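Subject: A structure for you to explore

Hi there,

Here is the structure I promised to pass on to you. Have a look at it first, and then read my notes below.

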Amino acid sequence: MQKVFDAMLGWVDARFPLIKTWEEHLSKYYAPKNFNFWYYFGSLALLVLVIQIVSGIFLTMHYKPDTQLAFASVEYIMRDVPWGWLMRYLHSTGASFFFITVYLHMLRGIMYGSYRGPRELLWLIGMAIFIALMAEAFMGYLLPWGNMSYWGAQVIISLFSAIPFGIGDILSEWIRGDFVVSDATLNRFFAFHVIAVPLALCGLVFVHIVALHKVGSNNPDGIEIKKNKGPDGLPVDGIPFHPYYTVKDIVGVAGFLIIFAAVIFFAPELGGWFLEHDNFTPANILQTPPEIVPLWYFTPYYSLLRATTEEMVTKGLLPLTIVMTILTVISVRNVLAKMAAVGIGSVVVVCLFIFEAKLWGVILMGLGVGLFAFLPWLDMSPVKSIRYKGWMFKTALIIFCIDFLVLGWLGTQPASGPNVILAQIGTILYLLFFFLMPWYTTFDKTKPVPERVTQ
Amino acid sequence: MSNDGVNRTRRQLIGVTAGLGAIGTGFAAVPFVLSMTPSARARAAGAPVEVDISKLAEGQMLTVEWRGKPVWIVSRTPEMIDSLKNLDAIVADPDSAKSIQPDYAKNASRAIKDKYLVLVGICTHLGCSPLAKLQAGAASGMGDDWLGGFFCPCHGSKFDLAGRVYKNVPAPTNLDVPPYSYVSDTRLMIGVDQKEGAA
Amino acid sequence: MKKKLITIFAILLFPLTVAAGGGGVALDPVNINLNDKESLQKGARTFVNYCLSCHSAGYMRYNRMGQDLGISEELVAENLLFAAEKTGDLMKAVMPAADAKKWFGTAPPDLTLTARSRGPKWIYTYMRSFYRDESAPSGWNNKVFAHVAMPHVLYEWQGEQRPIIEKDSHGVEHITGFEIAKAGTMTEKEYNEAMRDLTNFMVYLAEPAKLVRYKIGLYVILFLIIFMVAAYMLKKEYWKDVH
């Protein structure tokens with residue numbers, strides 16, 4: 001038996017690098033031994049990707065991408081298809097859990113400086129995954145063709161019309177394939193959602209893991225374990241991913257599935273946070289829901305968008321630009337850099353007067369997502385991990401996390417009265433976390449980093 | 001570091017965890033497999049169909065849909081029923097031994113009552129729906145010696161007025177007879193078996 | 001420090017209170033219990049006899065309802081099938097939507113998912129908040145859904161209500177309660193009970209899977225907990241090596 005197995009393995013291995021791949025990525029991939037709780041979320045995000053693909057395939061067997069049939073076909077899945085309700089709840093709950101795991105995975109990266117060299121490209125690939133995921137979620141949300149699906153898509157696509165010089169209107173019409181969100185839009189979103197974006201996602205995830213295994217994993221101490229090798233040439237602070245982290249991740253998967261199952265079976269709507277009440281009414285082109293609210297994972301950026309009023313531009317963004325320009329001019333030594341800062345600053349100031357607030361809202365929303373990509377170059381601290389950073393970085397990160405949650409909450413609320421002002425303060429704080437990072441990471445008092453990882 | 005005791009515990013724990021994992025995966029696969037079985041809509045569409053045959057004239061045919069397939073109900077004239085005997089030598093399976101029909105329709109006329117023939121109108125060759133050529137003789141365009149029956153335009157299979165297939169045509173067996181029963185003398189229920197002893 | 005914390009909390013909680021105040025009409029709580037088969041059956045009877053005349057429940061099949069509520073196929077066919085031929089049919093309204101639109105000015109919405117889109121409390125309160133309003137085209141108005149096109153279909157049961165109106169400090173009029181102007185065939189308690197049954201049924205109608213998913217979920221979670229214990233022991237065993 002063993003002989004036959006070995007022979008088969010040998011046959012395959014002579015034609016495909018099976019054992020080499022296994023060793024390189026699992027049994028001889030050395031990971032730091034001090035991974036903590038936060039290191040579960042990478043493998044969990046991968047698990048959710050698999051859940052989404054499998055449940056998605058089974059939903060596609062019954063769903064109809066047609067404005068006349070789409071809503072009814074979802075209810076058909078919920079009622080007439082045996083176990084269809086489970087397929088749908090797996091997928092709708094999975095969407096939210098995808099963002100939960102990815103957000104926690106990103107927070108882990110920010111806490112322990114996982115974006116710092118040599119992992120900048122790894123971080124950028126991760127950003128690409130994040131953006132693809134947002135596109136995937138947005139287009140998937142149109143498919144049930146509920147009233148919130150319809151108006152949500154209408155509003156978000158209209159954002160593109162904020163682009164000046166007539167490009168915006170042409171672009172949003174091109175995206176919709178019509179003058180409003182229609183059957184054409186539904187059909188192309190279906191095509192993107194079920195094949196184009198998932199294919200890209202899978203490819204990006206693969207590249208993400210290849211890049212990770214090239215540079216090696218970071219750890220809560222932010223120490224490069226490859227710098228400290230034993231006589232056998234292996235990192236002394238490393239352990240083989242398999243079996244140690246495979247058995248550990250299985251525990252994480254089990255724990256995750258318990259929470260996941262609890263939501264699916266006991267609260268799939270999660271009080272309107274995972275499935276919105278207004279989306280149980282078919283799309284009605286004549287009636288906007290009383291409040292258009294994206295799902296929770298988009299609401300922080302949605303808040304940035306809504307906070308950008310005419311007043312916000314003049315009283316918030318204008319002073320912010322001037323202060324940032326002055327600060328940069330004072331701080332950089334190079335004369336050319338000083339001139340560049342003044343140049344960029346004045347262009348932004350002029351643009352702030354020329355373009356309307358609607359465009360700036362869209363830009364801020366884009367920045368809200370895109371600024372994460374600059375973290376590897378904004379963080380100037382001599383240490384990677386938050387464990388050895390000083391009070392300034394810690395305070396900034398805590399404020400940012402609270403701010404992110406508050407903005408997320410505000411995005412689900414009516415934009416009126418004190419909510420608007422609160423969102424505007426939140427927007428400025430959000431931007432400052434990134435914009436001021438070069439300064440507070442430079443001046444922050446850091447602690448000495450130990451030679452070896454701590455338990 | 002490793003000794004026999006440790007290895008045995010490990011092997012047991014691997015066995016237990018892998019076993020539970022396999023059981024869990026197995027159970028998780030069940031809903032996915034079952035979701036591909038006919039849905040409530042398919043089953044509702046496949047529900048028995050009640051047909052009123054009181055207005056069906058002799059020598060005429062009625063088509064109803066059952067489970068997405070055409071079902072023919074032919075009211076045969078006494079001459080048509082008599083002609084069946086003459087065809088026993090020409091058809092491939094005169095006693096319907098190899099063909100699909102409920103036991104109560106496995107007889108000379110392939111029907112519960114001789115007069116009314118009920119057939120699934122799908123050719124047993126490759127699934128086309130044959131054309132009705134009920135009238136005997138040249139009027140059906142099937143030649144002078146045609147005794148009435150059905151002709152499949154796809155590959156030329158011919159069937160008689162009991163749905164029996166002719167020899168030397170592509171179709172392998174007689175046309176299927178669906179389960180059916182008489183609710184009353186003039187009402188048929190397609191899809192529900194005739195109870196024994198009734199009618 | 002304490003003061004600071006309180007201020008932070010006040011800022012954080014502020015939107016919460018704003019949201020709570022902006023909701024409009026207060027809705028009455030309703031006791032939903034999908035294990036109460038009798039209540040579901042009574043609700044189904046009311047729904048099919050009254051609501052289904054004009055409204056559809058177009059995503060639901062009669063036979064599914066029968067199976068789930070413990071009503072036999074024959075009983076469904078004899079007593080509940082009005083607009084359909086087969087028990088496997090969808091529950092479409094008796095009245096064609098086009099006619100309804102002509103008579104009421106708007107097509108009566110499908111009610112299959114109302115309990116999910118508006119919520120059980122809304123249904124329960126709405127059905128008990130009709131009042132006489134001669135200025136309305138149908139002669140009826142509703143506290144929860146002002147100027148609703150639907151007349152009070154169950155007025156024979158409830159009787160006729162008149163609103164008690166009070167002015168608030170801004171001089172805006174609010175309906176604070178109702179008084180019975182003309183008694184119906186049911187007492188207030190009986191009518192409330194009937195509406196509770198109807199709401200209960202509509203909660204079921206909106207998501208039939210609710211009847212099974214809690215039970216399955218319990219087994220799934222129990223299994224996962226056992227699996228997690230085994231996985232944890234395995235992990236501990238291996239991690240003995242790591243120092």
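**Where chain B meets chain C**

Let's start with one pair of side chains: B:Arg10 and C:Asp241 meet in a salt bridge, with 2.9 Å from N to O. Please keep in mind as you read that this is a predicted model.

That pair belongs to a wider contact, to which chain B brings 18 residues and chain C brings 13 residues. The two chains bury about 1,400 Å² between them, and carbon and sulfur atoms give 70% of this area. On the chain B side, B:Arg10 turns up again: together with B:Leu13 and B:Leu20, B:Arg10 loses the most area to chain C, and the three make up 42% of what that side buries.

How many salt bridges are there between chain B and chain C? The count is 2. There are also 2 residue pairs in polar contact between these chains, counting pairs with both residues at pLDDT 80 or more.

Which elements of chain B give two or more residues to this side? They are helix 1 (4-34) and helix 2 (40-45). Helix 1 of chain B gives the most, with 11 residues. Sorted by class, the chain B side has 12 nonpolar, 4 polar and 2 charged residues.

**Where chain C meets chain A**

Next, turn to the contact between chain C and chain A. Here 40 residues of chain C touch 43 residues of chain A. The buried area is about 3,600 Å², with 72% of it on carbon and sulfur atoms. Three residues to find on chain C are C:Tyr59, C:Arg116 and C:Trp239, which supply 20% of the area that chain C buries against chain A, more than any other three residues.

There are 2 salt bridges across this interface. One to look up joins A:Asp80 to C:Arg61, where the closest N and O atoms are 2.6 Å apart. Polar contacts link 11 residue pairs between chain C and chain A, again with both residues at pLDDT 80 or more.

Several elements of chain C give two or more residues to this side: helix 1 (2-21), strand 1 (57-61), helix 6 (114-117), helix 9 (188-206) and helix 10 (210-239). Which of them gives the largest share? Helix 10 of chain C does, with 18 residues. By class, the chain C side divides into 29 nonpolar, 4 polar and 7 charged residues.

**Inside chain A**

Chain A is divided into domain 1 (2-272) and domain 2 (298-443). How far apart are the C-alpha centres of these two domains? They lie 28 Å apart.

The domains of chain A are also in contact, through 35 residues of domain 1 and 29 residues of domain 2. About 2,600 Å² is buried between them, and carbon and sulfur atoms give 70% of that. The count of salt bridges between the two domains is 3. You can also look for the salt bridge of A:Glu224 with A:Lys384, whose closest N and O atoms are 2.4 Å apart. In addition, 14 residue pairs are in polar contact between the domains, both residues being at pLDDT 80 or more.

On the domain 1 side, helix 5 and helix 6 (120-142) of chain A are the elements that give two or more residues. Helix 6 gives the most, with 9 residues. That side has 23 nonpolar, 7 polar and 5 charged residues.

Helix 5 has another partner to look at. Helix 4 (residues 70-79) and helix 5 (residues 84-111) of chain A pack at an angle of about 115°, and their axes are 5 Å apart. From helix 4 come A:Val74, A:Ile77 and A:Met78, which meet A:Gly84, A:Trp85, A:Arg88 and A:Tyr89 of helix 5. By class, this contact has 5 nonpolar, 1 polar and 1 charged residues.

**The domains of chains B and C**

Chain B is assigned domain 1 (3-37) and domain 2 (44-190), and their C-alpha centres lie 54 Å apart. For chain C the assignment gives domain 1 (25-207) and domain 2 (210-243). The centres of those two domains, taken over C-alpha atoms, are separated by 44 Å.

Enjoy exploring!

Best wishes

Key: Residues are numbered from 1 along each chain as its sequence is written. Chains are lettered from A and ligands numbered from 1 in the order in which they are written. Side-chain values use heavy atoms; hydrogens and water are left out. Contact means heavy atoms within 4.5 Å. Buried area is the accessible area (1.4 Å probe) that two parts lose on being put together, summed over both. A salt bridge is a side-chain nitrogen of Lys or Arg within 4 Å of a carboxyl oxygen of Asp or Glu. A polar contact is a pair of N or O atoms within 3.5 Å; within protein, one must be able to donate a hydrogen and the other to accept it, and residues adjacent in sequence count only if both atoms are side-chain atoms. Helices (H or I, at least four residues) and strands (E, at least two) are DSSP runs, numbered from the N terminus. Ala, Val, Leu, Ile, Met, Phe, Trp, Tyr, Cys and Pro count as nonpolar, Asp, Glu, Lys and Arg as charged, and the others, Gly among them, as polar. Axes are lines fitted to C-alpha atoms, for helices over the stretch in contact, and angles run from 0 to 180 degrees between N-to-C directions. Domain bounds come from an automatic or database domain assignment.
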